[in-house]
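Reader: I have this one open and don't know where to begin. Can you walk me through it?

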Amino acid sequence: MGRRRRRVDRGAAVGALPEAIAALSRTLPAGPSPEIFRRAKFDRPEAAPALWQLLFRVLSPLSADGASASPAQGEPPSTEAQVRAVKSELRSQGYPRQALAQLPEDGSQGSRELLLALAWLLARGPLLERLLAQTRVRLGDEIPLCECEALARPGPPVPRVEADGPVDIRHLQWLMGKLRFQWRKLITSQQEQCALLGKIHSYTRGCHSDRSLGHLSVAETELLRDAEGGQQDTVLGTCPPEASQPTFVPRIPERGAGEWELVARELQALQEELRGAAEPRRAAWEARVGGWGPEWSAVQRASREAVGLELAALQRAWERGGAAAQPHGPCRLVKSDAGASGGPGLRAAQVIEVLRSREACLEAVLCQLQRQCRQELARLAGALPGLIWILPPGR
Amino acid sequence: MLPADCSRRLVAELRDALDACAERQRQLERSLRVSRRLLRTWEPAETPAPQPTPAPETSGEAPSPESTPSSQDLKELELLTQALEKAVRVRKGISKTGERHKALSLKSGSAATSATTASAPSRPSGQASCRVSETKPPRGIQQTVVPARGLPESRLLSVGDRTHMGRGSRATKPGPGPRDQQIPPSAALQAPEAFTLKEKGADVDCWLPQPLWKPCSGLEGGSPQSAASLSTGFPDRILLRLPMAYRKAASRNSRLWAQLSSAQTSDSMDAAATAKTQFLQKMQMTSGGPGSGLSAAAVEAEVGLLRTACLLLRRRMEEVLSADPADCMQEYRCLLTLEGLQAITEQCLHRLQELRAVVGRQLGPWPVGRRPGASLPCGGGTDPLWSPQLLLYSSTQELQTLEALRLRLAMLDQQIHLEKVLMAELLPLVGTQGPHWLALCRAVHSLLCEGGERFLTVLRDEPAD
């Protein structure tokens, strides 16, 4: 019975393959024709350039370095540049096969290897959905819950004149102050935008044809207002395809391996300190408790469980395990009075809880860093006697 | 003065941070402009809105003298109450046509504008009729209010004209039947795709049952301003309808997304998932080595996580060590906590060594010049639900809290990164004594330990003599 089903499935699968490939070639950007796929299966060299181009298009919005040509720029980069970019991006994503790295850079060979690479990308993650999400029109008022999409997009490179020459530390202080002020401005603007959104949502309640949404989004309301002016045909075209806000993507320090060594040093130091603190206490405890009876074992077990729970919670704080349960990607904001417990969609209250716990974790990290700085500075300053350091109040 | 390369790096980092902030601000301001423009037509806060209540007239309503509005308002209120009662009866009534006549008579009693007279001769289809008749009284109410207040005709017509013009420009579009038989104030209704501006009914009772309002479109000549300013318990809401083409496309879109997500939960997805994992494993094996399949970015991200772990573990350790255990149980718990922390630290170290090995073996020299988190795991790849999920919020405050938290998280991320960078660059400088060391020390302390917000004071400890 099982065997027969397998055979039937395989037969069904074989029949479905041409359709699937046709669909794939339609949906992929710069999609090669199904004929190219077939030729690539047989490793024909003429299929290679198309596949290099396809991989370049698919990987370029995801690649971090600005070497990929954005659509806004002029002509697409040369074949060699495309090949190099694809190779480096695949390698950094962990593509296992070495054969790809050894393909010639003129892009003339290796179509079967490229087909394998495409299959690997498709198998690893929701590639098609991600491509779709990048190009779709955003109809709703979206709020990105997780920043991974925004991080994946490099954003336009900003040409900046680097400050040559030494600066005074007061310049740095000034820049920090400017940054703080900008954040404050940002927060107030954001609050205003939320208030306006709330108003628009409540004013347009009942207008949307989709029951579950119930009201219009800003884009849809704008659609109506602009359509009023008679530009209805072009209205859908004006919906902005990319409305997500970029997050702060930190610049890479020039020494990448330094982070690893730093973490290793810190962890080892921590381990030493913990051992130094725990061992004597254990010895002392054993010495005291040695003679105590079995009634302690239940209490001990309870303590162990409690501590275990605390430590597990601590571990969760950095492991972001909880984030997996939360869908990432942008969510459409919908104002709903009932807060009905049934029905699809996240509730803002839950999201707020998750964000608060994450905020607590980040605050703890920042506090800890500042404390370490303070200790280090105290140590350095203590080398100079004859000075009194008065710390600022209100900590 | 700081050394040149250090300055360059730090200034670049801070400028990056400022640019990211400025980019967010630009996008926010763009959204703000759009939202403000949309709301301006509904809430002309600057221009004085006509007040129907006996409250003192705001400036700008020229024609009627001060005494007349009050008596007119009283009359208005009476008519309003009557109409409201009628509306409630209509809602519960059975005969639709009778109501329509009633509504018409109500309207004829008022100084109707040209917009309303046009609605009389139309004959709505069956479906639209019940809808229309139910909305008639509210519309009638609105019609009585508006002219009685002496609202300049121009304003009413200007709104109507706007809709007229809008509709006229789409006159070329063909329309389905029932549309033509609406009771729009504008007789010039040609295009079915006209979205309709309609005032909301009196109160909750007058809300139409949901399935009914869809096919209808009774166009009001009412101005949104008057809707917003009606203070007789009318919810100030406007009914806009999206164009037909858009609605069709949107419903098809959501149907396809629903299909996609339902297809993902079927059994075939499990088979597909196992096939995928098998394929990936085979790829891994044939590559000639047991790699872990980790990308360079994932490795970097994990190292970052381990650094955070180290900080949090150390913080917990300091808390435990500084607490004075009051009794045996607390002592025991301290001991257990310390040992537990030690175990976790060892796990982290072990994991770090593994990552080092992965990098060395598989990815070549440590990758530099990459943005971290470019393909951040983030639970990614497991649940490809990329259809836009809904996020339901119940009040503006909730939304503001949510957004404020998101911003705060972004700010904290940025602060932590800057803190690490500044630590790495500035602490070594303080270690080497140079000119103006005290000033440097003070500035570094403020930047690193107080976020640049507070300063400490240094006093020279002069001997008493």
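Author: We can take chain B, one of its helices, the nonpolar cores and a loop in turn. Keep in mind that this is a predicted model.

Reader: Ok, chain B. How many helices and strands are there in it?

Author: Chain B has 15 helices and four strands.

Reader: And what percentage of its residues count as buried?

Author: Of its 465 residues, 48% count as buried. The accessible surface of chain B is about 21200 Å², and carbon and sulfur atoms make up 57% of that.

Reader: What share of the contacts in chain B is between residues 24 or more positions apart?

Author: Among contacts with a separation of 6 or more, such pairs account for 72% in chain B.

Reader: Now helix H15 of chain B. How far apart are its end C-alpha atoms?

Author: They are 17 Å apart. The helix covers residues 437-449, and at 1.5 Å a residue its 13 residues should span 18 Å, so the two values agree.

Reader: Is H15(B) mostly covered or mostly open?

Author: Mostly covered, since ten of its 13 residues are buried. Among them are B:Trp437, B:Leu440, B:Val444 and B:Leu447.

Reader: What do those buried residues pack against?

Author: In chain A, they pack against helix H8 (169-203), helix H14 (348-381) and strand S4 (387-390). In chain B, the partner is helix H14 (396-431).

Reader: What comes just after H15(B)?

Author: B:Gly451, with a positive phi of about 65°.

Reader: Switching topic: how many residues are in the largest nonpolar core?

Author: It has 111 residues, and A:Ile169, B:Leu391 and B:Leu426 have the most contacts inside it. H14(B) gives this core its largest share, 17 residues. In general, nonpolar side chains in soluble globular proteins tend to be buried together.

Reader: Which residues is B:Leu426 in contact with?

Author: Not counting neighbours within four places in sequence, B:Leu426 is in contact with A:Ile169, B:Leu2, B:Leu10, B:Val444 and B:Leu447. Two of these you have met already: B:Val444 and B:Leu447 are buried residues of H15(B).

Reader: What about another core?

Author: Another one, of 28 residues, lies apart from it and includes A:Leu54, A:Phe56, A:Leu59 and A:Leu100.

Reader: Last one, the loop. Where is A:Asp43?

Author: In chain A, between helix H2 (34-41) and helix H3 (48-59). Its phi is near 60°, which is positive although A:Asp43 is a residue other than glycine.

Reader: Why does A:Asp43 count as partly exposed?

Author: Because its relative accessibility is 36%, and partly exposed runs between the 20% and 50% cut-offs.

How values were computed. Residues numbered from 1 in each chain as written. Chains lettered and ligands numbered in written order. Predicted model: local features only at pLDDT ≥ 70, side-chain atom pairs only at ≥ 80, totals over all residues. Heavy atoms only, no water. Helix = DSSP H or I, 4+ residues; strand = E, 2+ residues; numbered from the N terminus. Expected span 1.5 Å × (residues − 1). Buried < 20%, exposed > 50% of the residue type's maximum accessible area, 1.4 Å probe, protein only. Contact = heavy atoms within 4.5 Å. Areas by Shrake-Rupley, 256 points an atom, 1.4 Å probe, with all protein chains shown as cover. Core = buried A, V, L, I, M, F, W, Y, C linked by side-chain atoms within 4.5 Å.
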